[in-house]
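Subject: Structure handover

Hello,

Here is the structure I said I would pass on. My notes on what was found in it come after.

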Amino acid sequence: METKVTHYALKPDVIKFGGYVLFLFVVGWGLVFTYLNRYPSLLAMAFISFTFGLQHAFDVDHITAIDNMTRKLVNDGKNTHGVGFFFSFGHSLVVVIMALLTIFFVEWSKNQLPKFQDVGGVFGTLFAGFMLLLLGTINLFILVGIWKSFKAISHGDFSSAKASTDTRIFRTFKKGLNIINHNWQVICVGFLFGLGFDTATQIAVLATSAVATSKGIPWFAVFSFPILFTSGMCLMDTSDGLFMSTAYSWVFSSPFRKVYYNLALTGLSVTAAFFVGIVDVLQAIGGYLKWNNPIIKFAEALNFNILGISLVILFAITWTAALIFWRVFDLKEKDAAVVAAEKEQEAAFEKVNVTESAVHVNQPNHQPGHEKSLG
């Protein structure tokens with residue numbers, strides 16, 4: 001299966017999704033400053049909510065999911081500029097719903113939130129783990145195809161430059177993600193990832209504190225907390241998604257570039273997806289079954305924010321090293337040679353097709369039974 005490279009205009013999507021994030025930011029802070037004179041405590045809690053959003057976007061499961069989902073959709077020739085925004089927005093819907101429940105049902109939420117956290121922590125974390133394992137598996141088969149292309153190019157076989165992943169196993173795994181074919185559908189994935197209720201509980205605690213501290217605070221002033229959390233998380237996740245989308249679109253635009261960069265980047269992406277997916281599954285199963293073996297303890301002790309920041313740094317180092325090698329070893333010439341060879345093959349193929357069509361048109365119709373008999 002060849003990669004269907006399609007270039008989508010970046011500027012309109014940057015303006016569109018940037019406008020969405022700006023709208024959330026303005027609405028959130030607008031609600032805060034409207035009541036700030038009467039309730040000065042809103043400022044600190046609103047700022048904490050916004051920074052919570054910024055911080056949570058660096059969770060390793062966010063970065064890994066956005067990266068792998070973007071790679072999958074780029075490989076399918078889809079517009080991926082909004083993957084980060086819609087993933088984050090779907091995740092934030094859980095926060096918004098829980099915050100509303102907390103605002104309107106304070107006493108009920110105090111008693112029920114721990115139960116929701118227990119159930120959601122298992123279900124949401126398990127879903128996140130299995131989704132990452134599925135994405136990692138799909139991209140692993142893509143990586144195998146890229147490695148075959150790399151070996152072919154190394155032996156001068158430019159005809160095999162495009163990675164082939166059209167295997168029965170690959171198609172079987174890919175069917176599991178065929179329901180995700182457009183940006184907006186990633187909202188569902190983000191929502192299910194958010195059912196772990198870890199960050200939703202933090203925002204709910206802020207809302208509960210605000211309501212409990214001063215009964216006079218209007219509910220829509222308190223509602224600024226989840227809105228600001230959403231704007232902060234969407235800002236970082238949208239930026240991550242746009243970067244990944246632009247980078248992978250550039251990589252996939254050339255056969256050799258695709259092989260060269262993806263050997264490193266896909267390898268890192270697949271490793272991260274499998275690692276985070278396994279950790280998510282271990283945390284969910286260990287928490288539910290109350291296991292305390294060393295492996296479960298190791299998984300539960302991992303800090304996803306630190307892992308996420310480390311993954312961002314690894315991606316930055318990998319990109320930088322790849323760009324340096326690209327320039328130092330002047331790999332642009334080999335890239336041009338692959339592209340030229342590919343164009344020659346296409347031209348030769350078209351020439352053969354034209355020749356066959358001409359022969360078919362000029363060939364006289366031969367209808368049995370219409371020949372004249374001799375004698």
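Cys-188 counts as partly exposed, because its relative accessibility is 48%. Cys-234, in contrast, is buried, with a relative accessibility of 0%. A search of the whole structure for disulfides finds zero.

Please keep in mind that this is a predicted model. The mean pLDDT of the protein chain is 75, and 66% of the residues score at least 70. Among the elements, helix H1 (residues 10–34) has the highest mean pLDDT, 93, and helix H6 (residues 168–175) has the lowest, 54. Over residues 369–375 the pLDDT is below 50, and in the model this stretch has one contact beyond near neighbours in sequence.

As for the overall make-up, the protein chain has 14 helices and zero strands. It has 375 residues, of which 47% count as buried. Of the contacts in the chain with a separation of 6 or more, 84% are between residues 24 or more positions apart.

Two of the helices were checked for length. Helix H2 covers residues 41–56, which is 16 residues; at 1.5 Å a residue these should span 22 Å, and the end C-alpha atoms are 23 Å apart, which agrees. The buried residues of H2 are Leu-42, Met-45, Ala-46, Ser-49, Phe-50, Gly-53 and His-56. Seen down the helix axis, these buried residues fall within an arc of 140°, so they line one face of H2.

Helix H4 covers residues 83–104. Its 22 residues should span 32 Å at 1.5 Å a residue, and its end C-alpha atoms are 32 Å apart, which agrees. H4 is mostly covered, with 16 of its 22 residues buried.

Next, the core. In soluble globular proteins, nonpolar side chains tend to be buried together. Here the largest nonpolar core has 55 residues, and the members that touch the most others are Leu-42, Met-69, Val-186, Val-189 and Phe-193. Leu-42 is also on the list of buried residues in H2. Val-186 is in contact with Met-69, Val-83, Phe-86, Phe-87 and Ile-180, leaving aside its neighbours within four places in sequence.

Helix H11 (residues 255–289) contains Asp-280. Is Asp-280 buried or exposed? Asp-280 is buried, because its relative accessible area is 3%, under the 20% cut-off. Not counting residues up to four places away in sequence, Asp-280 touches Asp-61, Thr-125, Ala-128, Gly-129, Leu-132 and Phe-304.

Ala-284 is in helix H11 too. At 5% relative accessibility, Ala-284 counts as buried. Its contacts, leaving aside neighbours within four places in sequence, are Val-122, Thr-125 and Leu-126. Ala-284 and Val-122 are 162 residues apart in sequence, yet 4.7 Å apart in space from C-alpha to C-alpha. Thr-125 appears among the contacts of Asp-280 and among those of Ala-284.

The last residue in these notes is Ile-306, which is in helix H13 (residues 304–328). Ile-306 is exposed, because its relative accessible area is 54%, over the 50% cut-off. Between Ile-306 and Asp-59 there are 7.6 Å in space, C-alpha to C-alpha, and the two are 247 residues apart in sequence.

Regards

Notes
Residues numbered from 1 in each chain as written. Predicted model: local features only at pLDDT ≥ 70, side-chain atom pairs only at ≥ 80, totals over all residues. Heavy atoms only, no water. Helix = DSSP H or I, 4+ residues; strand = E, 2+ residues; numbered from the N terminus. Expected span 1.5 Å × (residues − 1). Buried < 20%, exposed > 50% of the residue type's maximum accessible area, 1.4 Å probe, protein only. Arc of directions from axis to C-beta. Core = buried A, V, L, I, M, F, W, Y, C linked by side-chain atoms within 4.5 Å. Contact = heavy atoms within 4.5 Å. Disulfide = S-S within 2.5 Å. pLDDT = per-residue confidence, 0-100.
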